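New to this one? Here is a short, friendly walk through a protein model, from the overall fold down to a few rings and a pocket.

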Amino acid sequence: MKEPFLYLTLPGLEMYPHVTYMWVVMILLLAVAYLTTRRLQLLPGTGQALMEIIIEGLLALMERVMGHHAKQHLPVIGGIALFIVVSNLAGIVPPLFSPTVNINITAGCAITIFLYYQYIGFRRNGLAYLKHFTGPVWWLAPLMLPIEFISHVIRPFTLALRLFANMRGHEIVLIIITLLVPIVAPLVIVVQGIFVSFIQGFVFILLSMIYIAGAEEEYH
């Protein structure tokens with residue numbers, strides 16, 4: 001699909017704007033993190049206060065979903081949450097580009113969560129984590145193993161496709177509305193884009209937290 005906007009690109013990456021903007025978002029987040037934490041103060045300034053509100057709000061949500069172990073997962077969940085939301089928001093204003101309208105970027109996020117919660121499951125429960133796949137009694141293992149294996153393997157696909165499809169669909173709607181109603185559309189697009197960006201980020205991390213919490217549980 002040929003894009004109608006002239007995106008800002010790097011030499012040699014003209015055909016891959018998602019790669020360019022993936023790095024732009026990551027560098028932006030690292031820069032903000034550095035600037036807001038290099039001089040932490042008891043009475044925070046605007047930047048530090050805003051980041052504290054974001055982190056505390058995210059941690060409160062994680063604790064409600066994941067319980068008292070939530071804080072140890074904050075770097076992973078928080079990092080992916082910020083990356084997805086900022087990436088989603090980047091596509092609202094041309095000539096910027098949202099990396100999450102490309103399946104490779106959303107797949108990378110989804111595979112990261114998949115590998116992470118498998119690691120957490122084995123670290124927390126050891127080999128007993130395999131009981132999540134074999135069922136509560138040994139004689140059900142031949143039936144449960146393929147069912148559970150498929151249900152786990154399909155999770156990164158659904159995570160990636162859900163985020164990609166919604167963001168790609170929003171971009172297509174944005175293009176159509178902009179072409180049909182170029183004067184009135186921008187305000188509607190911005191409001192809708194902000195809403196969609198946060199909702200899709202929320203759905204992604206909510207499912208991720210549920211998967212991690214499930215992997216941590218001791219299977220009986």
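What follows covers the fold, then the aromatic pairs, then the largest pocket.

**The fold**

Keep in mind that this is a predicted model. The chain has 7 helices and 0 strands, so, going by its secondary structure, the pattern along the sequence reads α-α-α-α-α-α-α. There are 220 residues in the chain, and 37% of them count as buried. If you take contacts between residues at least 6 apart in sequence, 70% join residues at least 24 apart. As for the outside, the chain exposes about 13100 Å², with carbon and sulfur atoms supplying 75% of that area.

**Rings that pair up**

Searching the whole structure turns up 3 aromatic pairs. One of them joins Tyr-117 and Tyr-211: the ring centres are 5.7 Å apart and the planes sit at 40°, so this pair counts as tilted. The two partners come from distant parts of the chain, with Tyr-117 in helix 4 (residues 103–125) and Tyr-211 in helix 7 (residues 185–216), 94 residues apart. Phe-114 joins them, and Phe-114, Tyr-117 and Tyr-211 form one aromatic cluster.

Another pair is Phe-122 with Tyr-129. Here the centres lie 4.9 Å apart and the planes meet at 70°, so the arrangement is edge-to-face.

How buried or exposed are these four rings' residues? The cut-off for buried is under 20% relative accessible area, and the table gives the value for each residue.

| Residue | Relative accessible area | Class |
|---|---|---|
| Tyr-117 | 1% | buried |
| Tyr-211 | 13% | buried |
| Phe-122 | 36% | partly exposed |
| Tyr-129 | 0% | buried |

Phe-122 is partly exposed because its 36% is not under the 20% that buried requires. Its partner Tyr-129, at 0%, is buried.

**The largest pocket**

How much space lies in the largest pocket? About 710 Å³. Its lining is made up of 26 residues, and those nearest the centre are Ala-81, Leu-82, Phe-83, Val-85 and Val-86. Several elements give two or more residues to the lining: helix 1 (17–37), helix 2 (46–66), helix 3 (74–90), helix 4 and helix 7. Which of them provides the largest share? That is helix 3, with 8 residues.

The lining's make-up is easy to sum up: 23 residues are nonpolar, 3 are polar and no charged residue takes part. Helix 4 and helix 7 appear here again, and these helices also carry Tyr-117 and Tyr-211 of the tilted pair.

Terms used:
Residues are numbered from 1 along each chain as its sequence is written. This is a predicted model: local features need pLDDT of at least 70, side-chain atom pairs count only at pLDDT 80 or more; totals for chains, interfaces and linings use all residues. Side-chain values use heavy atoms; hydrogens and water are left out. Rings of Phe, Tyr and Trp (its six-membered ring) pair if their centres lie within 6.5 Å; planes under 30 degrees apart count as stacked, over 60 as edge-to-face and the rest as tilted. Helices (H or I, at least four residues) and strands (E, at least two) are DSSP runs, numbered from the N terminus. Buried means under 20% relative accessible area, exposed over 50%, partly exposed in between (1.4 Å probe, protein chains only). On a 1 Å grid over the protein atoms alone, a cavity is a set of points where a 1.4 Å probe fits but cannot get out, and a pocket is an open set with protein on both sides within 12 Å along at least five of seven lines; lining residues have an atom within 4 Å of a point. Grid points are joined across faces, edges and corners, and a volume is the space filled by probe spheres set on the points. Ala, Val, Leu, Ile, Met, Phe, Trp, Tyr, Cys and Pro count as nonpolar, Asp, Glu, Lys and Arg as charged, and the others, Gly among them, as polar. Contact means heavy atoms within 4.5 Å. Accessible areas come from the Shrake-Rupley method with a 1.4 Å probe; for residues, only the protein chains shown count as cover.
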